[in-house]
Amino acid sequence: MKNLLKKEFRLCMHPAAWIMLSTCALALVPNYPYAVSFFYMTLGIFFICIGGRENHDAAYTMTLPVSRAAVVKGRVLFVCCLEGLQWLVMAAIVLIKRFIAPGPNAAGMDANIALLGEGLILFGLFNIIFFPAYYRNISKVGVPFVKASIAVFLYVILAVAATYTVPFVRDQLDTPDPDHLTAKLGFLALGLVWFTGLTLLSVRLSVRRFEKLDLQL
C-alpha cells in the first residue's frame with residue numbers, strides 16, 4: 001500500500017488538486033458559503049481520475065504485483081490524503097479568520113469548528129457516491145462526478161438553510177468560536193464518524209465492482 005500511495009502521488013497527481021487547496025482562502029470572504037471550498041478539492045479528484053484514464057493508469061497498475069482490491073484502496077487512500085490536506089488548510093484558515101476578520105456569515109455556517117464538521121460530512125458523501133459509481137466503469141468519470149456533485153450541492157443548500165431554520169444549528173453551531181464549544185466538538189466528531197464510515201463502505205462497494213469490471217487494457 002505504501003508503494004501504491006507513492007505511485008499515486010508521483011504519477012497520478014494533477015496540478016489542479018494542489019491549486020484547489022488555495023480555495024480554502026474563500027473562508028476569508030464575507031458572506032460566502034464556506035462549505036463550497038471543500039467541494040473544490042473534489043474537482044481536483046475528478047481531474048486526477050480523468051488524467052488516469054487518458055494516461056492508461058489502470059493498464060499500468062494492473063501490470064504490478066497487486067490485487068484489484070489494493071488498487072482501489074490505494075486510490076481511495078490517496079484521495080483521503082488530499083481531502084485531509086484540504087481539511088487541515090481550512091482549519092488553519094478558520095483559526096486565522098478568528099483573529100483577523102471575525103464576523104458572522106450570512107451565507108451559511110460561520111468559519112468555525114462546526115464548519116470543519118460540515119467538510120467531513122461533504123467528503124464522506126462525495127466518496128460514497130463517486131467511487132462505487134466510478135469503479136463500475138473507470139472509463140466514464142463524468143457521470144459519477146455529476147451524481148456526487150449533485151448530492152454535495154444539495155447538502156450544501158440544506159446546510160445553509162439549516163443555519164436559518166434549525167434552532168440547534170442556528171443558535172449553537174453557527175456561532176463564533178469558542179461559544180458552544182461542546183456542541184461544535186460533538187458535531188465535528190459526528191462528521192469524522194460519518195466520513196470514516198462512508199469512506200470504508202465506499203471501498204467495499206468499489207472493490208466488488210472493480211473486481212467484476214472487464215478491463216480493456
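# Rings, charges and spaces in a predicted model

Phenylalanine 145 is buried, with a relative accessible area of 10%. The cut-off for buried is under 20%, so this residue qualifies. The structure shown is a predicted model.

## Aromatic rings

How many aromatic pairs does a search of the whole structure find? The search finds 14 aromatic pairs. One of them joins phenylalanine 126 and phenylalanine 145. Their ring centres are 6.3 Å apart, and the planes stand at 70 degrees to each other. An angle over 60 degrees counts as edge-to-face, so this pair carries that label.

The two rings come from separate helices. Phenylalanine 126 belongs to helix α6 (residues 113-134), while phenylalanine 145 belongs to helix α7 (residues 142-165). These residues are 19 residues apart in sequence, so the pair ties together two parts of the chain. Phenylalanine 126 is buried too, at 0% relative accessibility.

Both rings also belong to a cluster linked by ring pairs. Other members include Phe39, Tyr40, Phe46 and Phe47. Phe130, Phe131, Tyr134 and Tyr135 are in this cluster as well. Phe153 and Phe210 also take part.

Phenylalanine 210 has a charged partner. The charged end of arginine 68 sits over its ring, 5.3 Å from the ring centre.

## Salt bridges

A search of the whole structure finds 7 salt bridges. One of these brings together the side chains of glutamate 8 and arginine 75, 2.7 Å from N to O. Where in the chain do these two partners lie? Glutamate 8 is in helix α1 (residues 2-12), and arginine 75 is in helix α5 (residues 68-100). They are 67 residues apart, so this salt bridge links distant parts of the chain.

Are glutamate 8 and arginine 75 buried or exposed? Glutamate 8 is buried, with a relative accessible area of 3%. Arginine 75 is buried as well, also with a relative accessible area of 3%. Both residues belong to a network of salt bridges, in which Lys7 and Asp57 are linked with them.

The table gives two further salt bridges.

| Salt bridge | N to O distance |
|---|---|
| Arginine 53 and glutamate 54 | 2.8 Å |
| Lysine 184 and aspartate 177 | 2.9 Å |

The surroundings of these residues can be added. Arginine 53 is partly exposed, with a relative accessible area of 33%. Glutamate 54 is partly exposed too, at 48%. By contrast, lysine 184 and aspartate 177 are both buried.

## Cysteines

How many disulfides does the structure hold? It holds 0 disulfides. Take cysteine 12, which is in no disulfide. The nearest cysteine sulfur belongs to cysteine 49 and is 8.9 Å away. A disulfide needs two sulfur atoms within 2.5 Å, so this distance rules one out. Cysteine 12 is buried, with a relative accessible area of 9%.

Cysteine 80 tells a similar story. Its closest cysteine sulfur is in cysteine 81, at 7.3 Å, which is too far for a bond.

## One loop residue

Leucine 64 is in the loop between α4 (57-61) and α5. With 26% relative accessibility, leucine 64 counts as partly exposed. Compare its place with that of alanine 189. The two are 125 residues apart in sequence, and their C-alpha atoms are 38 Å apart in space.

## Empty spaces

Rolling a probe the size of a water molecule over the atoms shows where empty space is left.

The count comes to 1 cavity of 30 Å³ or more. The volume of the largest cavity is about 50 Å³. It is lined by 13 residues, and those closest to its centre are Ala35, Gly108, Met109, Glu118 and Val160. Helices α6 and α7 each give at least two residues to this lining. Which helix supplies the largest share? That is α7, with 4 residues.

The largest pocket holds about 390 Å³ of space. Its lining has 22 residues. Nearest the centre lie Arg53, Ala58, Ala59, Ile138 and Leu215. Arg53 is also the arginine that meets glutamate 54 in a salt bridge.

Several helices line this pocket. At least two residues come from each of α1, α3 (36-54), α4 and α5. The largest share, 4 residues, comes from α4.

Technical notes. Residues numbered from 1 in each chain as written. Predicted model: local features only at pLDDT ≥ 70, side-chain atom pairs only at ≥ 80, totals over all residues. Heavy atoms only, no water. Phe/Tyr/Trp six-rings, centres within 6.5 Å; stacked < 30°, edge-to-face > 60°. Buried < 20%, exposed > 50% of the residue type's maximum accessible area, 1.4 Å probe, protein only. Lys NZ or Arg CZ within 6 Å of the ring centre and 35° of its normal. Salt bridge = Lys/Arg side-chain N within 4 Å of Asp/Glu carboxyl O. 1 Å grid on protein atoms, 1.4 Å probe; cavity = no way out; pocket = protein on both sides within 12 Å on 5 of 7 lines; lining within 4 Å. Points joined across faces, edges and corners; volume = space filled by probe spheres on them.
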